[in-house]
Amino acid sequence: MDIDILLNNHQPHICILSGVGAAVRRLPSFPGYKGITQSGSNSFGGVAIFHRDNLKCHVIERDVNFLVIEIYIAGEQIKIGEIYVPPSSPPPFHLLDKYKDEPFIFFGDFNAKHSHWNCTKSNPSGNQLFNWLEKSGVEVIAPKIATSRRSNAVIDFGITHDASGWKNEVLEEGTSDHRPILFQSSYCIDEGSLFRKTNWNIFTFFLSIIFEYWNTLVYNLDVNSFIELFSLFLSALWDRCSVYASVEKFRPPWPPSLVLLAREVNKCRRRYRRSKIPNHLENVLSVKRIFTEERCQFLQKQCEKKLSWMNENQNIWKYVKPIFHTFTSPFRGLTLENNNNEMNPNKIVEILADHYEKHFETPSYNRSNNAHRHSMCIYEEIASTPDLPLEQIRYEDVLKEWNKIRPKKSTDSADTSAFLLKKLPIQFITTITVLFNRCAEKGDFFRSAKHAKVVCISKEGLFPTVNKLRPISLLPNIGKLYERIVHQRIVSWCYAKNIYIDEQSGFTAGRRLQTRILSLIEDLRLTVAACNRPALVIFVDFLSAFDKMWYPALIANLKTSGMPTALLKWIYNWLQNRTLSINFGEAYSRTIPIFVGAPQGSVLAATLFRLHVHFLPSRFLALTSHMFADDLAIQISGDLDKKFSKTIAELEARAKVTLERLGKFSDDIILPININKTKALLVHNVVAPPKPKLKFRDQPIEIVKNYKYLGVMISTKLGWSTYISERIKKIRTVYRGLKILFRSVPKYHIGVRKRIFSAFAMPHFTWLFAIWFFFTERQRRYLEHVYCSGIKHVFSLTSWDDETVLILSKEKSLLDHLHIY
């Protein structure tokens with residue numbers, strides 16, 4: 001009954017059961033599912049796997065309490081296993097070792113406890129499994145809460161070669177002493193899905209024929225009508241030049257000669273089975289041998305063709321992207337305030353529309369606040385200013401920005417994509433240039449380009465709450481191309497007038513994130529060099545910073561900075577009458593007006609936010625502040641000539657004044673601060689120091705022992721072991737991906753292997769270079785060893801020591817890369 005309810009409520013593609021006992025001999029049947037069983041070693045053992053009828057599946061291996069199947073989904077073969085480990089028994093490592101070097105996912109009741117997968121204590125079986133995981137590099141997909149109702153421990157989980165993209169949720173359902181777990185992977189395409197196949201040659205050819213028509217029309221229609229009509233036409237033409245086919249038919253075809261040989265083999269085999277004549281058997285073997293040779297030659301040519309394609313231009317990144325690209329699976333529904341799940345798409349989009357309508361509503365300002373009155377005065381002044389034309393846009397500017405567009409295939413609110421825009425014949429750049437110049441003459445922006453299609457991504461599980469979603473704005477790509485050109489003019493103005501501050505490194509050319517990290521750490525090291533001199537760092541988190549830019553404060557800051565009136569008026573027009581609609585599945589919400597913030601899908605949003613908080617560091621001139629975009633760190637250094645306890649009291653007093661100034665700035669531009677995520681870190685060299693008590697508007701600020709700032713974990717003692725361990729864990733994950741890729745990239749294509757290593761493994765080492773000289777000698781040697789392990793994978797020199805590997809491969813050592821950096 002429990003299984004029937006779970007299958008009906010959640011409709012999984014695969015249902016895995018462990019400890020099924022005698023049910024392996026009389027497995028129940030469920031509509032739409034097929035079952036596979038394997039007996040166990042006792043009455044509580046045995047495993048079973050149910051899979052949907054439309055999944056192609058066959059058994060790979062059977063053993064006591066162990067079952068492995070292989071399913072075929074969208075051209076991929078995936079090994080999925082089920083394990084049951086009886087209590088006080090070790091896991092079957094002799095079986096697991098067979099699959100540790102290939103892609104697999106095994107689930108089951110391991111009866112193994114360890115703190116690594118969120119257990120409060122460890123048992124012998126858990127310690128053995130953890131040691132095997134560390135040695136083999138296999139990862140755990142573990143729930144965050146207990147899966148066993150009796151032992152209140154996590155003993156049901158999964159292990160895999162790569163846990164990225166996997167999500168899980170423990171369900172409070174059923175009568176078993178084990179809670180069911182709902183796993184979701186990145187394999188989201190089933191055999192019933194369709195894919196679009198477009199004939200781009202016809203698409204481009206047809207556009208080139210009617211170019212004169214559109215080039216004439218751009219002069220005769222107003223800009224808003226033209227861009228709406230042109231976008232609709234591109235979307236319709238794209239659909240007309242496309243066909244939709246089933247995913248199961250999407251596979252590389254064999255050449256006709258090989259198909260005829262395969263049919264001949266089947267024909268000869270059937271003839272022999274009917275007659276049993278030896279001559280017919282010899283004929284079968286002969287034809288099969290010819291077919292095998294021809295197929296091997298064909299596959300070899302296909303492999304060589306793929307490798308040569310990978311070496312051309314930047315095609316290698318298209319091939320490796322599925323291995324290293326982080327996949328975010330779509331959520332299935334929303335968790336409401338009453339803890340019920342809502343799965344109806346039409347209701348979901350309306351719930352999200354209500355939430356974001358309130359999120360982007362007009363902020364209420366305080367008329368008694370001088371800063372608010374000043375901002376509103378300037379805002380109304382700019383509103384009453386007539387539209388001013390921008391400088392003429394050159395053909396070269398449009399072509400330059402058009403070439404920079406990344407050919408993404410996600411459709412925007414106009415049902416076009418960047419990939420489609422890149423398929424336009426080159427002569428259409430002239431038409432687009434005329435369109436942009438007509439819009440620039442009016443000093444305005446396209447009406448249709450102000451509407452955003454918003455797709456939400458879950459930050460927490462399959463059924464997140466509304467505030468656990470990340471909205472992604474998809475804006476019309478032609479409008480984004482126009483924004484890029486205006487953005488370059490804003491950046492040129494900032495450069496000409498030196499509208500930069502030393503404390504800000506975000507969204508600024510020539511200023512690196514690593515430099516900001518290094519400057520903060522160096523300031524802290526110099527401060528705590530004396531034992532009685534601590535440093536207090538307050539890490540400020542602004543609440544939805546980009547979404548909460550108050551337009552009057554933004555315009556006032558731009559005017560104070562001296563921005564030309566034409567550009568200022570254009571930005572004002574660009575902010576007005578913006579709208580969005582939520583998309584989930586096939587459902588769309590109502591249109592929602594936006595009265596605050598800038599769309600994060602626009603290149604202008606980041607630069608405007610940097611100018612929005614341009615004057616923030618001036619509020620803390622007596623202190624040291626560090627900014628990267630909206631990440632603010634305020635450092636308060638203790639005095640050298642006072643006792644440590646008195647210094648702590650003084651830091652607390654100075655922090656109080658600092659937070660009051662921060663609150664005043666937050667009120668002046670109506671940019672709220674997230675108190676829950678704002679943390680403080682006390683850096684010192686004392687064994688047990690007293691901690692300062694900090695409050696922001698009567699809400700306490702947590703004093704933490706470690707804080708991850710811009711990707712680097714900073715601790716109270718400025719130790720780096722935790723940060724290095726996290727980085728090495730990511731490097732090991734990359735190495736597992738490299739091992740998978742290198743199976744299809746032979747050793748004689750060493751250049752391809754080196755490029756993949758440099759692109760995906762080397763950046764993790766580069767992240768460590770900024771603070772390399774703060775590491776201990778032992779930490780440096782260990783990092784050099786991890787680097788050499790990657791070189792071993794590239795050159796297949798796994799049995800050699802590190803020094804010999806560098807000599808044989810003639811590659812730079814990690815220290816050589818450090819000196820170049």
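1. A good place to start is F446: in this predicted model, F446 has 0% relative accessibility and therefore counts as buried. Its sequence neighbour F445 is buried as well, with a relative accessible area of 2%.

2. Next, please look at how the rings of F230 and F428 meet. Their centres are 6.0 Å apart and their planes lie at 20°, so this pair is stacked; the cut-off for stacking is under 30 degrees. The contact joins distant parts of the chain, since F230 belongs to helix α6 (residues 223-240) and F428 to helix α14 (residues 428-442), with the two positions 198 residues apart. Both F230 and F428 are buried.

3. Back to F445 and F446, which also pair through their rings. Here the centres are 5.8 Å apart and the planes make an angle of 45°, so the pair is tilted. That label fits because 45° falls neither under 30 degrees nor over 60.

4. It is worth viewing F230 and F428 in their wider setting. Ring pairs connect them with F206, F211, Y213, W214, F226 and F233 in a cluster. For the whole model, the count of aromatic pairs comes to 40.

5. Finally, two lysines deserve a look for their positions over aromatic rings. The charged end of K409 sits over the ring of F419, at 4.9 Å from the ring centre. K422 lies over the face of W402, and there the distance to the ring centre is 4.9 Å.

How values were computed: Residues are numbered from 1 along each chain as its sequence is written. This is a predicted model: local features need pLDDT of at least 70, side-chain atom pairs count only at pLDDT 80 or more; totals for chains, interfaces and linings use all residues. Side-chain values use heavy atoms; hydrogens and water are left out. Rings of Phe, Tyr and Trp (its six-membered ring) pair if their centres lie within 6.5 Å; planes under 30 degrees apart count as stacked, over 60 as edge-to-face and the rest as tilted. Helices (H or I, at least four residues) and strands (E, at least two) are DSSP runs, numbered from the N terminus. Buried means under 20% relative accessible area, exposed over 50%, partly exposed in between (1.4 Å probe, protein chains only). A charge sits over a ring if NZ of Lys or CZ of Arg is within 6 Å of the ring centre and within 35 degrees of the ring normal.
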